[in-house]
Amino acid sequence: MTVAIRLEHVEHEYAGTEESSRVHALSNVDLALAAGDFAILMGPSGSGKSTLLNLIGAVDRPTSGRILIGDTDIAGLSEDALTLFRRTSVGFIFQFFNLVPTLTVRENIGFPLALAGMRRKELDSRTGEILEGIELQHRAGHYPNQLSGGEMQRVAIGRAIVHRPAVLLADEPTGNLDSRTGETVLELIRSVHRSYRPTIVMATHSERAASYGDYIRHVIDGRVLNGGPDE
Ligand code: ADP
Ligand code: MG
């Protein structure tokens with residue numbers, strides 16, 4: 001299943017310990033992505049890319065504005081509904097992989113399915129398919145610290161897509177990899193996009209990485225330029 005994503009007049013402020021330490025991270029953001037798009041967010045460090053991804057992925061709530069994922073305004077969901085939304089509809093890929101160090105490759109990939117209460121047999125079969133897709137069957141029983149950076153990111157991608165989320169969010173996924181390994185990871189993200197057409201939003205600094213997307217939205221100082229539907 002693919003869904004469209006629409007942000008309307010989104011503001012985000014991080015509360016500081018005192019009035020003067022508040023950070024206005026996003027200002028009046030409008031952004032519309034069609035279902036199945038592979039969109040790129042580009043902008044300098046501190047411009048608000050991660051904040052934007054966290055709002056779309058319901059990791060955080062906007063200070064004001066609407067965030068529509070399909071027909072649902074996630075800004076208005078209860079905590080329980082948000083948790084369920086995150087678990088079922090979103091996959092996250094991070095710059096530093098964020099694998100669970102005490103779980104094997106196979107267990108890391110199966111983790112979202114275990115959380116969702118999937119039965120063992122189905123979980124094993126689904127995890128096996130993913131291991132094959134990321135070409136790491138031979139590493140299934142290894143722990144993250146036994147893997148290279150590129151391998152860790154492939155595992156993280158496997159974990160991000162194992163539950164077939166409608167929305168796949170990637171926050172500088174090649175930022176910690178050399179360019180050749182980064183290319184492999186980008187090819188994998190591209191093949192995921194082709195396989196079941198999730199709506200992908202990827203933040204990056206790199207022109208090379210950005211070229212994998214359908215189009216670029218520039219994020220400057222908490223604002224998104226040309227955020228409307230693709231022209
Ligand atoms: P980017 O991902 O583009 O580098 P971020 O979304 O991480 O940008 O940050 C946007 C702005 O919000 C920056 O000024 C950053 O310092 C600030 N910021 C990010 N996270 C927090 C936080 N948890 N508390 C306070 N300020 C934050
Ligand atoms: Mg960031």
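Let me start with ligand 1, which in this model is surrounded by Y14, V23, A25, P44, S45, G46, S47, G48, K49, S50 and T51. Please keep in mind throughout that this is a predicted model, and that the distances I quote are computed from it.

If we sort that shell by class, we find four nonpolar residues, six polar residues and one charged residue around ligand 1. Two secondary-structure elements, β2 at 23-33 and α1 at 49-56, each supply at least two residues of the shell, and of the contributors it is α1 that gives the most, with three residues.

Which atoms of the protein come up to the oxygen atoms of ligand 1? A polar backbone atom of G46 is 2.6 Å from an oxygen atom of the ligand, and a backbone N or O atom of G48 lies 3.0 Å from a ligand oxygen. With S50 it is the side chain that takes part, since one of its polar atoms lies 2.8 Å from an oxygen atom of ligand 1. As for the surface, ligand 1 taken alone exposes 560 Å², and the protein buries 60% of that.

Let me now move from the ligand to the sheet that α1 lies across. This is an open sheet of six strands with mixed pairing, and its order is β6-β7-β8-β3-β9-β10. The edge strands, each pairing on one side only, are β6, residues 90-93, and β10, residues 223-224. At the β10 end, β9, which covers residues 215-220, pairs with β10 in the antiparallel sense over two bridges, and there I220 stands opposite R223 of β10.

So how do the helices sit on these strands? Helix α1, which we have already met in the ligand shell, lies across β3, β6, β7, β8, β9 and β10, and runs at about 160° to β7. Helix α2, residues 79-89, also packs on the sheet, where it touches β6 and β7, and its direction makes about 70° with that of β6.

Finally, let me come back to β2, the strand that supplies at least two residues of the ligand shell. Strand β1, residues 5-14, is joined to β2 by seven bridges, and the two run antiparallel, with V10 standing opposite V29 of β2. Strand β1 also pairs with β4, residues 64-69, again in the antiparallel sense, over five bridges, and in that pairing the bridge partner of I5 is I69 in β4.

Methods: Residues are numbered from 1 along each chain as its sequence is written. Chains are lettered from A and ligands numbered from 1 in the order in which they are written. This is a predicted model: local features need pLDDT of at least 70, side-chain atom pairs count only at pLDDT 80 or more; totals for chains, interfaces and linings use all residues. Side-chain values use heavy atoms; hydrogens and water are left out. A residue is near a molecule or strand if one of its heavy atoms lies within 4 Å of it. A polar contact is a pair of N or O atoms within 3.5 Å; within protein, one must be able to donate a hydrogen and the other to accept it, and residues adjacent in sequence count only if both atoms are side-chain atoms. Accessible areas come from the Shrake-Rupley method with a 1.4 Å probe; for residues, only the protein chains shown count as cover. Helices (H or I, at least four residues) and strands (E, at least two) are DSSP runs, numbered from the N terminus. Ala, Val, Leu, Ile, Met, Phe, Trp, Tyr, Cys and Pro count as nonpolar, Asp, Glu, Lys and Arg as charged, and the others, Gly among them, as polar. Two strands pair if DSSP finds at least two bridges between them. Contact means heavy atoms within 4.5 Å. Axes are lines fitted to C-alpha atoms, for helices over the stretch in contact, and angles run from 0 to 180 degrees between N-to-C directions.
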